[in-house]
Number of protein chains: 2
Amino acid sequence: MPNPLTIGRVAKATGCKVQTIRYYEQIGMLPSPDCSAGNQRIYEPAHIDRLIFVRHARELGFPLNAIRDLLSLADELDQSCEAADAIAREQLVEVERRIERLRSLKTELRRMIRQCKGGRIADCYVIEVLNDHTQCVSNHREVGA
Amino acid sequence: MPNPLTIGRVAKATGCKVQTIRYYEQIGMLPSPDCSAGNQRIYEPAHIDRLIFVRHARELGFPLNAIRDLLSLADELDQSCEAADAIAREQLVEVERRIERLRSLKTELRRMIRQCKGGRIADCYVIEVLNDHTQCVSNHREVGA
DNA sequence: TTTAATAGCTATAGTCGCTGTAGGTTCAAG
DNA sequence: CTTGAACCTACAGCGACTATAGCTATTAAA
């Protein structure tokens, strides 16, 4: 074979990093390809399709577990696509939730910054607000996400 | 001492979990308090103030490193607050960046879901888009954040 | 044909910010 | 005096990679 699909070529073709591809194989997101005589991975074009699918779903923020489900659904051509749509709807809800939270953070940060007139730390509005939640307008009482 | 500030009381007072408080101590975000005869942590009110500061900054999405910087700035009452404001502005930019990205994901997800008429996987628009980025309207070509 | 550069390999640790567990000790109430 | 809650340390695990060390294989040029 003159131009075998080595891991480096697959990385270039899909936009994934070499290590990420090996990582996906390790966690079972990507089937192990055959190996060359020297024990190097040689991929099939189908691997590239699958990786593009995974990467694109990751770009859209789907967690790997959801992508795993989407992948197995994608292979069942005759099944109903209701389950796939449900996963996408769930992801949409999650994205909207995150936007909401970030928007309230943005409001609070802007207020902090705008109200700070500069000067000494002792009078710094940024520091003051961080010391005292009651100075906040919105409720952003959770740490995660 | 009749009502010592044990770690559990501090947790309640600040909204941090007990383990989180110990974690913050371990990574140097919170000074080690004195201990009781039986080697249990006994805090001062100042610890609570500091924890409230940290938690509030976390709620606003600041990473711990930035909070570390903010904390050391907060102690320099006579210094200019320009550095603190800069950290807050940086965080605002980061939050805005994330909102932007999430908004484009939201657009794409809604389009995927709306266009999918249900039916078989073979015709599923959700699956189809994931297989092929060129079907996307926006550019969301990065995975992280 | 040899050699040097590039690309590949495995295994492991680190990132961030916690959270959870196991297996023990101390404290406070009854 | 006993029970049960709260505390202790130390370590593993999460998600999704990324980076490093120390090798081996392949390939292109000399």
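Buried means under 20% relative accessible area, and exposed means over 50%. The model treated here is predicted.

**Exercise 1. Classify three residues of chain A**

Task: decide whether A:T134 is buried or exposed, then do the same for A:E25 and A:H47.

Solution.
- Step 1. Locate A:T134. It is found in the segment after helix 6 (125-131) of chain A.
- Step 2. Apply the cut-off. A:T134 has a relative accessible area of 67%, so A:T134 is exposed.
- Step 3. Add a distance. The C-alpha atoms of A:T134 and A:T107 are separated by 15 Å, and the two residues are 27 residues apart along the chain.
- Step 4. Turn to A:E25, which sits in helix 2 of chain A. Its relative accessibility is 17%, so A:E25 counts as buried.
- Step 5. Turn to A:H47, in helix 3 (residues 45-59) of chain A. Its relative accessible area is 10%, so A:H47 is buried.

**Exercise 2. Describe the surroundings of the two buried residues**

Task: find which residues A:E25 touches and which residues A:H47 touches, leaving out those up to four places away in sequence.

Solution.
- Step 1. For A:E25 the contacts are A:L30, A:S32, A:P33, A:R41 and A:Y43.
- Step 2. For A:H47 the contacts are A:L30, A:P31, A:S32 and A:P33.
- Step 3. Look for a polar pair at A:H47. A polar atom of the A:H47 side chain lies 3.3 Å from the backbone oxygen of A:P31.
- Step 4. Check a long separation. A:H47 and A:C136 are 89 residues apart in sequence, and their C-alpha atoms are 50 Å apart.

**Exercise 3. Map the surface near DNA strand C**

Task: state which residues come nearest to DNA strand C and which parts of the strand lie within 4 Å of the protein.

Solution.
- Step 1. Take the residue list. DNA strand C has 19 residues around it, and A:G8, A:R22, A:R41, B:Y24 and B:R58 come nearest.
- Step 2. Sort the residues by class. Six are nonpolar, nine polar and four charged.
- Step 3. Sort the strand atoms. Of those within 4 Å of the protein, 85% belong to sugar or phosphate, and the rest belong to bases.
- Step 4. List phosphate contacts. An N or O atom in the A:R22 side chain is 2.5 Å from a phosphate oxygen of DNA strand C. For the side chain of B:T20 the distance is 3.0 Å. At B:L64 a polar backbone atom is 3.2 Å from a phosphate oxygen.
- Step 5. Assign elements. Helix 1 (7-14) of chain A and helix 2 (18-26) of chain B each supply at least two residues. Helix 2 of chain B gives the most, with four residues.

**Exercise 4. Find the two sides of helix 2 of chain B**

Task: explain why the buried residues of helix 2 of chain B line one face.

Solution.
- Step 1. Name the buried residues: B:I21, B:Y24 and B:E25.
- Step 2. Look down the helix axis. The buried residues of helix 2 of chain B fall within an arc of 100°, so they line one face of the helix.
- Step 3. Recall helix geometry. An α-helix has 3.6 residues a turn, so residues three or four places apart point the same way.
- Step 4. Take the face turned away from the buried side. It carries the exposed residues B:Q19 and B:Q26.
- Step 5. Find the packing partners. The buried residues pack against helix 1 (7-14), strand 2 (41-42), helix 3 (45-59) and helix 4 (64-74) of chain B.
- Step 6. Look past the helix. B:G28 follows, with a positive phi near 80°.

**Exercise 5. Treat DNA strand D**

Task: state which residues are closest to DNA strand D and which helix gives the largest share of the surface near the strand.

Solution.
- Step 1. Take the closest residues. Of the 19 that surround DNA strand D, they are A:Y24, A:R58, B:G8, B:R22 and B:R41.
- Step 2. Sort the strand atoms. Sugar or phosphate accounts for 84% of those within 4 Å of the protein.
- Step 3. List phosphate contacts. The distance from a phosphate oxygen of DNA strand D to an N or O side-chain atom is 3.2 Å for A:T20 and 2.5 Å for B:R22. A polar side-chain atom of A:Y24 lies 2.6 Å from a phosphate oxygen.
- Step 4. Assign elements. Helix 2 (18-26) of chain A and helix 1 of chain B give two or more residues each. Helix 2 of chain A has the largest share, four residues.

**Exercise 6. Relate the two chains**

Task: identify what axis relates chain B to chain A.

Solution.
- Step 1. Superpose. A turn of 180° and a shift of 0.0 Å along the axis lay chain B on chain A with an RMSD of 0.2 Å.
- Step 2. Name the relation. It is that of a two-fold axis.
- Step 3. Locate the axis. In chain B, the C-alpha of B:I99 is nearest, 2.8 Å from it.
- Step 4. Compare interfaces. Of the interface residues of chain B, 100% are also interface residues in chain A, so the copies meet through the same surface.

Technical notes: Residues are numbered from 1 along each chain as its sequence is written. Chains are lettered from A and ligands numbered from 1 in the order in which they are written. This is a predicted model: local features need pLDDT of at least 70, side-chain atom pairs count only at pLDDT 80 or more; totals for chains, interfaces and linings use all residues. Side-chain values use heavy atoms; hydrogens and water are left out. A residue is near a molecule or strand if one of its heavy atoms lies within 4 Å of it. A polar contact is a pair of N or O atoms within 3.5 Å; within protein, one must be able to donate a hydrogen and the other to accept it, and residues adjacent in sequence count only if both atoms are side-chain atoms. Ala, Val, Leu, Ile, Met, Phe, Trp, Tyr, Cys and Pro count as nonpolar, Asp, Glu, Lys and Arg as charged, and the others, Gly among them, as polar. Buried means under 20% relative accessible area, exposed over 50%, partly exposed in between (1.4 Å probe, protein chains only). The arc is that of the directions from the helix axis to the C-beta atoms. Contact means heavy atoms within 4.5 Å. Copies are superposed by least squares on the C-alpha atoms of residues with pLDDT of at least 70 in both.
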